[in-house]
Amino acid sequence: MSVKKTENGCLIGFHIVPGSSINEVSGMYGDDIKIKLKAPPVDGKANLLLVEYLSDLTGLKKNDVVIKSGLSGRSKRIFFNGCSQADIKIKLGIVK
């Protein structure tokens, strides 16, 4: 898993598939976590849904889930404030 531990949390790599029929964590895509989203990749709708979805899954506030890179692409790096890699893996159901 593409992870960078920081002082306040962790930065994790994701591969996003917008325009899907369901919102779901669908396993791994190389070293990144693959997530399917219903929202289309138009006007930032998929990014907004991604932050909301990850916030719901992890129990973090939306302000604690920040897209650090990849705003216009499928490959994104997301910072989780106050969460460890182990916490995220458990909450997203990723076991490797």
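Helices (H or I, at least four residues) and strands (E, at least two) are DSSP runs, numbered from the N terminus. With that in hand, let's explore this predicted model.

**Exercise 1. Find in which order the elements of the chain run, and how compact the chain is.**

Step 1: Count the elements; the chain has 2 helices and 6 strands.
Step 2: Walk along from the N terminus, and you meet β-β-β-β-α-β-β-α.
Step 3: Compare the radius of gyration, 12 Å, with the 12 Å that the globule rule gives for 96 residues; the two are close, so the chain is as compact as a globular protein of that length.
Step 4: Picture the box that the C-alpha atoms fill, roughly 35 × 25 × 20 Å along the principal axes.
Step 5: Add burial: 38% of the 96 residues count as buried, where buried means under 20% relative accessible area.

**Exercise 2. Describe how strands β3 and β4 are joined.**

Step 1: Locate β3 at residues 24–29 and β4 at residues 32–36.
Step 2: Note their direction: the two strands run antiparallel, joined by 4 bridges.
Step 3: Pick out one pair of partners, V25 and I35 of β4.
Step 4: Look at the turn of this hairpin, where 2 residues lie between the strands and G30 takes a positive phi near 65°.

**Exercise 3. Characterise the largest pocket.**

Step 1: Start with its space, about 150 Å³.
Step 2: Turn to the lining, which has 13 residues; P41, A46, N47, L71 and K76 lie nearest the centre.
Step 3: Sort the lining by class to get 6 nonpolar, 4 polar and 3 charged residues.

Conventions: Residues numbered from 1 in each chain as written. Predicted model: local features only at pLDDT ≥ 70, side-chain atom pairs only at ≥ 80, totals over all residues. Heavy atoms only, no water. Pairing = 2+ DSSP bridges. 1 Å grid on protein atoms, 1.4 Å probe; cavity = no way out; pocket = protein on both sides within 12 Å on 5 of 7 lines; lining within 4 Å. Points joined across faces, edges and corners; volume = space filled by probe spheres on them. Nonpolar A, V, L, I, M, F, W, Y, C, P; charged D, E, K, R; others polar. Rg over C-alpha atoms; globule rule 2.2 N^0.38 Å. Buried < 20%, exposed > 50% of the residue type's maximum accessible area, 1.4 Å probe, protein only.
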